[in-house]
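Hi,

Here is the structure I said I would pass on. Have a look at it first, and then read my notes below.

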Amino acid sequence: MNISYLLAFLTSLIFGTLISKPVIMVCKRLKVSQTILHYVDKHSSKSGTATMGGWIFILAGLTCLIFIRGDFLVPALVLLTMLCYGFLGFLDDFIKIRFHQNEGLKPYQKIIGQVGISLCLALFVYFNVGTSLNFFGLQLELSWGIIPFIVFFFVAVTNSVNLIDGLDGLAGGVSATYLVFFGIILALLSFANLAIISFAMVGAILAFLMVNGYPAKIFMGDTGSLALGGLIAALAVFSGLELIVAIIGILYVLTTLSDIIQVLYYKKTKKRIFKMAPLHHHFEQLGVHENRIVTIYIIITLVFGLCTAVGYIYAVGAI
């Protein structure tokens, strides 16, 4: 085992823990608080909770730069991607807070920002990294098709992580679990610097979860969820592992599908399939406590992550 993985994890965990309280204090002093949508009745008591807590794991995750060795360009681009998407989320949060409502950037404005960032990365990957995808040792060549694929991939992943951010500790817990197993696969495939980033972010998110677990003292906001989605997508894109994101991150997929199905079905029939979308709110409306939902989501991610990691262990051994 590369000792840098453990050191990156511990450094970000410690640093994130140290800055958590100061970040919360600053957010409260600046009155950076969340406005809860009126139809999420079970969350009315959370109105006024500090937000933009994503800065805790964004800043803590950057400590991984200490442990990066060799080619610095790709790791720097991964972290820059996290910061760019985090800034886009920050703008969204700022508008919500400034005008005391829950609608920030217009959907088309978010999409333009996401597509713009991802298009720059897609062009870089096409000309400098490669055009094939790795799926359990099989190389799938996309040629120029990698460009639209990466753009679509970024939009899908960032919005999926954003959608799953609806319960205390849910997006953070699922994402930390996801990154543990994705980091293991990166290490198996010798993407050492990307694995360092992955494990560092696990530590950073765990530090955040200490103040975001139920009842949350601070929410990650779109600042955090978009940054996290951008990071997860970038790690996959720069390693060619995009296709396994939907396996380990199965709950990102199901969350997004539940929202799409609900909207399309309602437009056609004026009826709802789920009591409320996304899926975690459906379970909440059925009376399942959010702590239980978060625990089940983490366990499911753990199982799918473990199976995927074992699959790559066999794939690497067979190559």
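**What I found**

The accessible surface of the protein chain comes to about 14,700 Å², and carbon and sulfur atoms make up 70% of that area. Bear in mind as you read that this is a predicted model.

Overall shape first. The C-alpha atoms fit a box of roughly 55 × 50 × 35 Å along the principal axes. A compact globule of 319 residues would have a radius of gyration near 20 Å, so the 19 Å of this chain agrees with that. Of those 319 residues, 52% count as buried. Among contacts with a separation of 6 or more, 76% are between residues 24 or more positions apart. As for charge, there are 19 positive and 13 negative ones, and their mean positions lie 9 Å apart.

Now the secondary structure. The chain has 12 helices and 2 strands, and along the sequence they follow the pattern α-α-α-α-β-β-α-α-α-α-α-α-α-α.

The two strands are worth a look. E1 (residues 132–135) and E2 (residues 138–141) run antiparallel and are joined by 4 bridges. One pairing to check is asparagine 134, whose bridge partner in E2 is glutamine 139. The strands form a hairpin with 2 residues between them, and phenylalanine 136 in that turn has a positive phi of about 55°.

Just follow the chain on from there and you come to serine 143, in the loop between E2 and H5. Serine 143 also has a positive phi of about 55°, although it is not a glycine. At 36% relative accessibility it counts as partly exposed, because that value falls between the 20% and 50% cut-offs.

Methionine 52 is another one to add to that list, with phi near 65° in a residue other than glycine. You will find methionine 52 in the loop between helix H1 (3–29) and helix H2 (54–61). Methionine 52 has 7% relative accessibility and so counts as buried. I flag these phi values because most residues other than glycine have a negative phi.

There are cis peptide bonds to look at too. The bond from tyrosine 214 to proline 215 is cis, with omega near -10°, and proline 215 is in the loop between helix H7 (192–212) and helix H8 (221–237). The bond from alanine 277 to proline 278 is cis as well, with omega near 0°. Proline 278 is in the loop between helix H10 (250–269) and helix H11 (279–285).

Finally, two helix residues and what they touch. Which residues does isoleucine 147 contact, leaving aside its neighbours within four places in sequence? They are Leu119, Ala122, Leu123 and Tyr126. Isoleucine 147 lies in helix H5 (residues 146–164), and its relative accessible area of 18% makes it buried. Its C-alpha is 6.4 Å from that of leucine 123, with the two positions 24 residues apart in sequence numbering.

Threonine 177 sits in helix H6 (residues 170–188). Is threonine 177 buried or exposed? Threonine 177 is buried, with a relative accessible area of 11%. Setting aside neighbours within four places in sequence, threonine 177 is in contact with Ile298, Thr301 and Leu302.

Let me know what you make of it.

Cheers

Key: Residues are numbered from 1 along each chain as its sequence is written. This is a predicted model: local features need pLDDT of at least 70, side-chain atom pairs count only at pLDDT 80 or more; totals for chains, interfaces and linings use all residues. Side-chain values use heavy atoms; hydrogens and water are left out. Two strands pair if DSSP finds at least two bridges between them. The radius of gyration is taken over C-alpha atoms; the globule rule is 2.2 Å times the number of residues to the power 0.38. Buried means under 20% relative accessible area, exposed over 50%, partly exposed in between (1.4 Å probe, protein chains only). Contact means heavy atoms within 4.5 Å. Accessible areas come from the Shrake-Rupley method with a 1.4 Å probe; for residues, only the protein chains shown count as cover. Lys and Arg count as positive and Asp and Glu as negative; His and the chain ends are not counted. The place of a charge is taken as NZ of Lys, CZ of Arg, CG of Asp or CD of Glu.
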